[in-house]
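Thank you for sending this model for comment. I have set out my reading of it below, with the charged side chains taken up in some detail.

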Amino acid sequence: MSGQPNTRLSDLFGLAGWSKGELARLVNRQAAAMGHLQLATDTSRVRRWIDMGEIPRDPVPQVLAVLFTERLGRVVTTEDLGLVRHGRPGKRRGDGSAEHPDGVPWAPERTAAVLTEFTGMDLMLNRRGLVGAGAALAAGSALSSAMHDWLHTDPALAADAPRIHDPLHADPAGFDRYEAAPIGSQEIEELERSVEVFRAWDAARGGGLQRKAVVGQLNEVGGMLAYRHPDHLQRRLWGVAANLAVLAGWMSHDVGLEPTAQKYFVIAAHAAREGGDRPRAGEALSRAARQMVHLGKPDDALDLMKLAKSGAGEEALPRTRAMLYTIEAWAQASMGRGQAMRRTLGLAEDLFVSDKGDVPPPSWMQMFDEADLHGMQALAYRTLADHEPAVAGIAQRHAKEAIELRSKGHDRSQIFDYLSLASACFIADDPEQADRYARLALVSMGANSSHRTWDRLRQMYRLTAQYAGYPKIQDLREEIKLALPKRTRGAGRTATA
């Protein structure tokens, strides 16, 4: 017992709207449903958890996580509740801010447990038809500040430290208990192939249809990590976990589950670092930065990109660093910083062409090819065109290059290229060509489950207003209005590109 209030639990308790007595009764009922028939708690115990920082014994933290997840309709973990036995639970600095936003960075030995618990809760929301988008995003500056020192330490040092106990034998949290057992290289190869299948599906069809399958696979891998394998297998298994967590985050972002997506990106960075892959950790954080730009928070994105670039380390390949610079350039364009954006894109181009391909890229970088480079340049210039309309022509050129170079199976990226090109044409006062590319995008969207494509379509739709007097554009506007889905999740967000 810390003697200090558990502010995390207190905040969520306030959001849930229960009385202390009601929560005590719910804990007893849920514990019995989970097979813990002897557990009994009362109002005074709940008061001690909230007001005195007492951490209840297992399985109460897991029971509470289940109850809050169901009540709030989003994933709530024991970490979120301040009920993990390391440091002071829910402790805040004097300025009232959380010591670590969203409970990160957690201790290295907690990564497998956090991964398993979070995915288990996410699957529970899927099974019960609840919506998981009710939490708030942590600001990029807060995330990068919390993770900076942790990311820059050497995982090998932690691996060589004496083990007081084997943390990877900790019981996985949540209900889907996984019996930890050893696996071999063949099983890991199969998992690595499954990542490629999921990645290809996401690129072609968007994240909506396969998100649950990816989360379920990640949950299984978290269980596998509860068994301590030989180091070379353990590192590969952490790599699988990092790749699946990035995919789960990207798919969550694709369907508007923004706080859930951010948590997966952070889990991916942790998993990559546990596997000794700093470039992968940096790329995971760059996904969180792209998310921030899409949500109209480019300053937060720049904070995250500083950490992503420095955290990726010297071993990051030139093409990886080029990709990171294109995201930074997009954030700068969103803020109207044209000179900085041009300089950053120049660095990205130089790095891209300097990569001779003599070192095979990791699997997660194979999606970033010349088409993606032009696609990101088109996006950056199209975004800057909101501040400097004269650059719309440059955006058109890069978008056309991207469309020409796109290989089959990258349908979602091609939709984005069409929308960047159509938007740039509207800004350049070329409604005839804009109409052509807008319709190509619209036709392609029917088979895609990406909410982000609809966000970008909405932004392009706003550009059509000044041409509403043109019969062809008026028809386009009507078709877009009929095609746009009703905004349920993420209705209040602003897509900047």
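The numbered points go from the overall picture to individual salt bridges.

1. The model is a predicted one, and my remarks should be read with that in mind. In secondary structure the protein has 21 helices and zero strands, and of its 497 residues 56% count as buried.

2. As for the way the chain contacts itself, 76% of the contacts between residues at least 6 apart in sequence join residues at least 24 apart. The accessible surface of the protein comes to about 20800 Å², and carbon and sulfur atoms account for 50% of that surface.

3. Side chains of opposite charge can pair when their charged atoms come close. In this model the count comes to 21 salt bridges, and three of the pairs are taken up in the points that follow.

4. Arg452 forms a salt bridge with Asp254, in which the closest N and O atoms are 2.8 Å apart. This pair links distant parts of the chain, since Arg452 belongs to helix 20 (residues 451–463) and Asp254 to helix 10 (residues 231–254), with their positions 198 residues apart in sequence. Arg452 has a relative accessible area of 3% and is therefore buried, the cut-off being under 20%, and Asp254, with a relative accessible area of 0%, is buried by that cut-off as well.

5. The pair of Arg452 and Asp254 should be considered together with its wider setting, for Asp202, Asp254, Arg412 and Arg452 are linked in a network of salt bridges.

6. A salt bridge within one helix is formed by the side chains of Glu283 and Arg280, at 2.3 Å from N to O. Both residues lie in helix 12 (residues 278–294), where they are three residues apart, about one turn of the helix. Glu283 is buried, and Arg280 is buried too.

7. Where in the chain do Lys472 and Glu432 lie? Lys472 is in helix 21 (residues 471–483) and Glu432 in helix 19 (residues 431–444), so their pairing ties together parts that are 40 residues apart in sequence. The two residues form a salt bridge whose closest N and O atoms are 2.7 Å apart. Lys472 counts as partly exposed because its relative accessibility of 38% falls between the limits of 20% and 50%, whereas Glu432, at 52%, is exposed because the cut-off for that class is over 50%.

Terms used
Residues are numbered from 1 along each chain as its sequence is written. This is a predicted model: local features need pLDDT of at least 70, side-chain atom pairs count only at pLDDT 80 or more; totals for chains, interfaces and linings use all residues. Side-chain values use heavy atoms; hydrogens and water are left out. A salt bridge is a side-chain nitrogen of Lys or Arg within 4 Å of a carboxyl oxygen of Asp or Glu. Helices (H or I, at least four residues) and strands (E, at least two) are DSSP runs, numbered from the N terminus. Buried means under 20% relative accessible area, exposed over 50%, partly exposed in between (1.4 Å probe, protein chains only). Contact means heavy atoms within 4.5 Å. Accessible areas come from the Shrake-Rupley method with a 1.4 Å probe; for residues, only the protein chains shown count as cover.
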